[in-house]
Amino acid sequence: MKLPYAEPYRIKMVEPIRQSTKEERENWIREAHYNLFNLESDKVFIDLLTDSGTGAMSDRQWGALMTGDESYAGSRSFQELYQSVNKITGYRYLLPTHQGRAAENVLFSVLVKDGDIVPGNSHFDTTKGHIEFRKAHAIDCTIDEAFDTELIHPFKGNIDLVKLEKVYQTYPKEKIPFCLITITCNTSGGQPVSLENIKAVRDLSNKYGIPVYFDSARFAENAYFIKQREDGQQNRTIKEICKDIFSYGDGMTMSSKKDGLVNIGGFIALNNEEIFRKASNFTIIYEGFITYGGLSGRDMAALAVGLDEATEFRYLKSRISQVEYLGNQLIEMGIPVQRPIGGHAVFVDALKFLPNVKREEFPAQTLAVEIYKEAGIRGVEIGAILADRDPETRENRYPKTEFVRLAIPRRTYTHNHMDYIAAALKNVFDRRNEISSGYKIAWESEIMRHFTVKLDKA
């Protein structure tokens, strides 16, 4: 008999979570103005809002916390982090930051200016926010296959080279500070980018003299998919693939709260000394000294260990297999999701799930609220609310897809929790035809509104 799959770890600590009643949840979400970000965590049973900083650390990481060096400058913990990052990426310069959007803020303060164009594959919310805050423009060059949720394509995060070259030919070189490759591509469903595509983007960018940078929050998961799906990569280690990926870039930003396996942290890694020097000034202004950048020594020590663990195949197989387990259950139930299943989350296709809800009433947000009311599960809308308004026309932007993202925290929930989630979605799916109206915006911030928006029933 073939042995079933088992997680490659034991659980040493547990945290109680409380199941609430449907009546309680309906009151709570109304008081939160139908924005799941506004909910207090003790009002959530299974929290899939994000996989960012919500995972469980290992015993090795907890041990590293105890040995952190809290020296203000030149701490041993920084050296440990530098060695870990250099081993995995090959980059020569490192600037820690307190999280990923801080890394974007520091690097973009150097590279992005008014009127610039930043092409890439479906920039995520904070990335686009930092670009547009500087009155620049993010242009999505993701392949068209990414927007057909039923189509099976191994690398839906790939950049369309024809679209990218059109950008390079349309705008002067001086207006394009870099091309940004997001690995994995969150907005398109946690979808990976192939090594072949990364190489091709590098070659095309070299032709036009454009640097290439990586948004690397889930780089290890991307490397796992390359190993599993791309010809000629099966016998390579994850660390070998990672170093190969980064060899085609000029630098990277990192939210360490994802594939760093820690609860806080980020960094910038670079090869260009001049950009490193300029970014160092902004690090000191916004974050802290260049060898801690807003992090304690213990946080850097835990991150150094986490990066090593996250780039091991056994861990990645366990992590991604759990996401696939949930996704495959939903597919068997007939629930529409982005296929193939992504690395960090299952993305439910709200346009197909709730065809009776108008686009202007935000079907993905409507579905996320219904899932919470049904079972206390908190997901997040990746749709028109997140897409925000056009910075010039101030009209709502309606993306090609409307997703509810169910982001699975790392090493946190069991398969029983996945079964509970699947059953809850099936219950909502069975009554989907009864859901015919959504929500309207009562108040919103000027940029990145989805975090704090207040909604009323339409």
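Tutor: Two strands pair if DSSP finds at least two bridges between them, and strands (E, at least two residues) and helices (H or I, at least four) are DSSP runs numbered from the N terminus. We're looking at a predicted model, where local features need pLDDT of at least 70, side-chain atom pairs count only at pLDDT 80 or more, and totals for chains, interfaces and linings use all residues. Residues are numbered from 1 along each chain as its sequence is written, and side-chain values use heavy atoms, with hydrogens and water left out.

Student: What makes E9 and strand E12 (residues 403-407) a pair?

Tutor: They're joined by 5 bridges and run antiparallel. The cut-off is at least two bridges, so they count as paired. Ala 345, for instance, sits opposite Ala 407 in E12.

Student: Why are E9 and E11 called edge strands?

Tutor: Look at the open sheet of 3 strands, ordered E9-E12-E11 with antiparallel pairing. Strand E9 (345-349) and strand E11 (380-382) each pair on one side only. On average, neighbouring strands here are turned by 35° against each other, ignoring direction. Such angles run from 0 to 180 degrees between N-to-C directions, and axes are lines fitted to C-alpha atoms, for helices over the stretch in contact.

Student: What makes Ile 408 buried?

Tutor: Buried means under 20% relative accessible area (exposed is over 50%, partly exposed in between; 1.4 Å probe, protein chains only). Ile 408 has 0%, so the label fits. You'll find Ile 408 in the loop between E12 and helix H16 (415-430).

Student: Which residues does Ile 408 touch, leaving out those up to four places away in sequence?

Tutor: Taking contact as heavy atoms within 4.5 Å, Ile 408 touches Leu 48, Asp 51, Arg 319, Gln 322, Val 323, Leu 326, His 344 and Met 418. Separately, Ile 46 is 362 residues from Ile 408 in sequence, yet their C-alpha atoms are 9.7 Å apart.

Student: How do you know that strand E8 (residues 266-270) is largely enclosed by the rest of the structure?

Tutor: Count residues: 5 of the 5 in E8 are buried, so the strand is largely enclosed. Gly 266, Ile 268 and Leu 270 point one way, Phe 267 and Ala 269 the other, and all are buried. That fits the usual pattern: in a regular strand, side chains alternate between the two faces of the sheet.

Student: Which strands are joined to E8 by bridges?

Tutor: Strand E2 (residues 93-97) is joined to E8 by 5 bridges, antiparallel, with Pro 96 partnering Phe 267. Strand E7 (residues 251-255) also has 5 bridges to E8, again antiparallel, and Thr 253 stands opposite Ile 268.

Student: Why are H4 and H10 called oblique to each other?

Tutor: Helix H4 (residues 100-111) and helix H10 (residues 273-286) pack at about 130°, axes 9 Å apart. Under 35 degrees is roughly parallel, over 145 roughly antiparallel, 65 to 115 roughly perpendicular, and the rest oblique. H4 and H10 are therefore oblique. Their crossing is right-handed, meaning the near helix is turned clockwise from the far one by less than a right angle (anticlockwise would be left-handed).

Student: Which residues make the contact of H4 with H10?

Tutor: H4 brings Asn 105, Val 106, Leu 107, Ser 109, Val 110 and Leu 111, and H10 brings Ile 275, Lys 278, Ala 279, Phe 282, Thr 283 and Tyr 286. They divide into 8 nonpolar, 3 polar and 1 charged. Ala, Val, Leu, Ile, Met, Phe, Trp, Tyr, Cys and Pro count as nonpolar, Asp, Glu, Lys and Arg as charged, and the others, Gly among them, as polar.
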